[in-house]
Amino acid sequence: MVGAISCAGLLTVLQTEAAAKEIPVPLTKLDNATCLTCHDADKGDLKATGAKATSKPLHGINNDKFGKSVHGEMQCVACHKDIRDAVAPHKKGTGQKAECVSCHLALWETAKKENLTREKARLGVVVKNIETYKSSYHARPNKEDPSRVNAACDDCHNSHTFNVPPQGTSRRTDWHLTIPDVCGAQCHTDELDEYKTSVHGKKVLEEHNQKAAVCIDCHTTHGIANTSKDTFKISITENCGSCHTENLKSYRSTYHGQINKLGYGYTAKCYDCHGSHGILSPKDPESKVHPNNRLKTCQKCHTQATQGFVTFSPHANTHDFERYPQVWIVSRFMWALLAGVFAFFWLHTGLWWYREAQDRKARRNHPDRRHPDKPRSAK
Ligand code: HEC
Ligand code: HEC
Ligand code: HEC
Ligand code: HEC
Ligand code: HEC
Ligand code: HEC
Ligand code: HEC
Ligand code: HEC
């Protein structure tokens, strides 16, 4: 069965006929064109009938986009094994409902058996993503409706138009800019709205700059964790730091950063000071770390803090005189002190050796020097 699927096209047609044989009447053709006579997007959404009449309308399928998707060569019924006729409403067969996971795990097993893992490397990527996904927050049952998961593959990837371009192509770069919508358009609307106002959101959505953070840069993609867990609180710091390397370095040298590095999430992390979805430039008067708001930000944890407290610079470093003159001066003084001590030490030692050498020269003809093993008493 699985082998037949991987050969797609021709074999799936045969499979369709086999499936059709199991249905006595009506023996309609179950090819894509037939399905699309009712399910084409151009004809609008379909209303479910019977028991499902009140459920949400069924979206039509855009045949152009379907044709360009990674599954464009496949038959509808290769995935929709429970559809065994072309009448409305369908008399559902016992076949499995369409879903990405089981089909792709089987495809990869076949590729491994046939030694085609190199040629079909991207099928391996699908399976890797499935494995990562399984342990994520999205794969858990939804609190309100435990019959479904928080987010399934087809909530983020349209099943019929799935076409994430391969890594390293320019199409992939364009696609990357749409990620905030993938996460935010339907599910996380509040986060998306706030993100749009942030320095990252503006860069990505308005300037089309893919260097700034999109949702997955902070949250990861398929392994998204619950944000209240310590594992997230520790790893998010590294995620910010993968782009802001200098700020991570200076953060790591502070008390907050060292405790965080030891694996504890209770001291200030990047987002405790900067916020998460609404991060602004520190120069923006609305920024949580702008001098006007900074004390309030620190007071979330340091409840006793007063204005003097915020003279502490969370990103002070020793090589930026303009911004951190005191730190620069202290650091240069320490260097000068260190260099001075060593210079004095070597100068002193050098002069000492020089004098020793002079001494030796002066006593060149001393008998003890010519016969060193002669006992001193013999003098
Ligand atoms: C005569 C029109 C018509 C044709 C042809 C048709 N369908 Fe449907 N289909 C419907 C209608 C109406 C519904 C909604 C009622 C229902 O659930 O049966 C539907 C529902 C579906 C659903 C959703 C089922 C669910 O429970 O969520 C799938 C999947 C589907 N069709 C696939 C197909 C496939 C694959 C073909 C081709 C083999 C096909 N349809 C051919 C009219 C049609
Ligand atoms: C690669 C597998 C695959 C192929 C090929 C495929 N589908 Fe689907 N289809 C899915 C998945 C996955 C879902 C989501 C299933 C669910 O929600 O239960 C789905 C959902 C649907 C639905 C329900 C849409 C809704 O709004 O709930 C219809 C109708 C449908 N498909 C029809 C078709 C038709 C017609 C074709 C052929 C042109 C087709 N599918 C080809 C995988 C596929
Ligand atoms: C019934 C089986 C089936 C289902 C269900 C299915 N796929 Fe596929 N998928 C295939 C086949 C067959 C191919 C083509 C394999 C090949 O190139 O050998 C494919 C190819 C792909 C590829 C492209 C791999 C490449 O070579 O570039 C991706 C990505 C993918 N599928 C993701 C998904 C996602 C996401 C879903 C769920 C929405 C899904 N598939 C559902 C059978 C399926
Ligand atoms: C919460 C949303 C979400 C869910 C759920 C999700 N994905 Fe993805 N997926 C994405 C995003 C976003 C990307 C782009 C990642 C990137 O650019 O690094 C992606 C990329 C991919 C890719 C392309 C990877 C590559 O490197 O080329 C595949 C294949 C894929 N997903 C398969 C799946 C499968 C299979 C499932 C279900 C087990 C799934 N996804 C569930 C959001 C999701
Ligand atoms: C710059 C990093 C960053 C980016 C970009 C980002 N997030 Fe977050 N997100 C966080 C942090 C940190 C938390 C946990 C702290 C908090 O709740 O504010 C979080 C929490 C969340 C939560 C948990 C609920 C909540 O609001 O506390 C959701 C849902 C979420 N983010 C969705 C998104 C979506 C959707 C996007 C893209 C539009 C996105 N995030 C972009 C850092 C980020
Ligand atoms: C204790 C609060 C605090 C923490 C924790 C913190 N920052 Fe900052 N951050 C600030 C303040 C305050 C500024 C304003 C510049 C200054 O006064 O040094 C700033 C400035 C910045 C800037 C603007 C560029 C610059 O250097 O001025 C970036 C980017 C930045 N931080 C990123 C990070 C990242 C990434 C982390 C985590 C690795 C982090 N911050 C942790 C308070 C914090
Ligand atoms: C994918 C890379 C990436 C990630 C991850 C990322 N950022 Fe940024 N961030 C950027 C880029 C690019 C800019 C815009 C740079 C600029 O304008 O100097 C920016 C801007 C900023 C600024 C404003 C700097 C300024 O001087 O105006 C702050 C503050 C900031 N980020 C903090 C964070 C924090 C905190 C996190 C984690 C919660 C984070 N960033 C995660 C890429 C990233
Ligand atoms: C998420 C909570 C949190 C936030 C926000 C926070 N801190 Fe802290 N900070 C801590 C914790 C916890 C410690 C270590 C416990 C202690 O000694 O009080 C600490 C320690 C410190 C220390 C070292 C104290 C010492 O005794 O050596 C300084 C200085 C400091 N924070 C400054 C700041 C400043 C300035 C801000 C605002 C820009 C800030 N912190 C924001 C939690 C936070």
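User: In this predicted model, what makes α7 stand out in the shell around ligand 4?

Analyst: Helix α7 gives the most to that shell, with six residues. The helix spans residues 121-134, and α8 (153-156) and α9 (170-176) likewise supply at least two residues each.

User: Which residues are closest to ligand 4, and how many surround it?

Analyst: The shell holds 20 residues, and the closest are Cys153, Cys156, His157, Arg172 and His222. By class it has 12 nonpolar, six polar and two charged residues. At least three residues come from each of domain 1 (2-168) and domain 2 (175-280).

User: Why does the pair formed by His222 and ligand 4 count as a polar contact?

Analyst: A polar contact requires a pair of N or O atoms within 3.5 Å. A polar side-chain atom of His222 lies 2.8 Å from a nitrogen atom of ligand 4, so the pair satisfies the cut-off. Gln167 and Arg172 can be judged by that criterion too. A polar side-chain atom of Gln167 is 3.1 Å from an oxygen atom of ligand 4, and for Arg172 the distance to an oxygen atom of ligand 4 is 3.1 Å.

User: What makes the iron site of ligand 6 octahedral?

Analyst: Six donors count as octahedral if opposite donors are over 155 degrees apart and all others between 65 and 115. The iron atom of ligand 6 has six donor atoms with angles of 86 to 179° among them, and its site is octahedral. For six octahedral donors the ideal angles are 90 or 180 degrees.

User: How do you know that His274 and His315 are donors of the iron atom of ligand 6?

Analyst: Donors are N, O and S atoms within 2.8 Å of the metal. The NE2 atoms of His274 and His315 coordinate this iron atom at 2.0 Å, so both fall inside the limit. The pair links distant parts of the chain, with His274 in helix α17 and His315 in the loop between α18 and α19, 41 residues apart.

User: Why is His274 called partly exposed?

Analyst: Buried means under 20% relative accessible area and exposed over 50%, with partly exposed in between. His274 has a relative accessibility of 24%, and therefore counts as partly exposed. His315, at 21%, is placed in the partly exposed class as well.

User: Are the two histidines at the iron atom of ligand 8, His256 and His302, buried or partly exposed?

Analyst: His256 has a relative accessible area of 19%, which is under 20%, so it is buried. His302 has 35%, which lies between the two cut-offs, so it is partly exposed. Both donate through NE2 to the iron atom of ligand 8, at 1.9 Å. His256 lies in helix α16 (residues 255-261) and His302 in the loop between α18 (291-299) and α19 (325-362), so the pair ties together parts that are 46 residues apart in sequence.

User: What geometry does the iron atom of ligand 8 have, and which residues are around this ligand?

Analyst: The site is octahedral, with angles of 86 to 179° among its six donor atoms. The residues around ligand 8 include Tyr255, Tyr266, Asp272, Cys298, Cys301 and Phe312. Two or more residues of this shell come from each of α16 and α18. The shell divides into seven nonpolar, four polar and one charged.

User: What polar contacts involve the side chains of His200, His244 and Ser281 with ligand 7?

Analyst: A polar side-chain atom of His200 is 2.8 Å from a nitrogen atom of ligand 7, and for His244 the distance to a nitrogen atom of ligand 7 is 2.8 Å. A side-chain N or O atom of Ser281 lies 3.1 Å from an oxygen atom of the ligand. These three residues are among the closest of the 16 that surround ligand 7. The shell is made up of eight nonpolar, five polar and three charged residues.

User: Why is His208 called exposed, and Thr220 partly exposed?

Analyst: His208 has 51% relative accessibility, which is over 50%, so it counts as exposed. Thr220 has 36%, which lies between 20% and 50%, so it counts as partly exposed. Neither residue is a glycine, yet His208 has a positive phi of about 55° and Thr220 one of about 65°. His208 is in the loop between α12 and α13 (215-219), and Thr220 in the loop between α13 and α14.

Definitions and conventions. Residues are numbered from 1 along each chain as its sequence is written. Chains are lettered from A and ligands numbered from 1 in the order in which they are written. This is a predicted model: local features need pLDDT of at least 70, side-chain atom pairs count only at pLDDT 80 or more; totals for chains, interfaces and linings use all residues. Side-chain values use heavy atoms; hydrogens and water are left out. A residue is near a molecule or strand if one of its heavy atoms lies within 4 Å of it. A polar contact is a pair of N or O atoms within 3.5 Å; within protein, one must be able to donate a hydrogen and the other to accept it, and residues adjacent in sequence count only if both atoms are side-chain atoms. Ala, Val, Leu, Ile, Met, Phe, Trp, Tyr, Cys and Pro count as nonpolar, Asp, Glu, Lys and Arg as charged, and the others, Gly among them, as polar. Donors are N, O and S atoms within 2.8 Å of the metal (3.2 Å for Na, K and Ca); water is not among the atoms, so sites may look incomplete. Four donors count as tetrahedral if all angles lie between 85 and 135 degrees; four count as square planar and six as octahedral if opposite donors are over 155 degrees apart and all others between 65 and 115; anything else is irregular. Helices (H or I, at least four residues) and strands (E, at least two) are DSSP runs, numbered from the N terminus. Buried means under 20% relative accessible area, exposed over 50%, partly exposed in between (1.4 Å probe, protein chains only). Domain bounds come from an automatic or database domain assignment.
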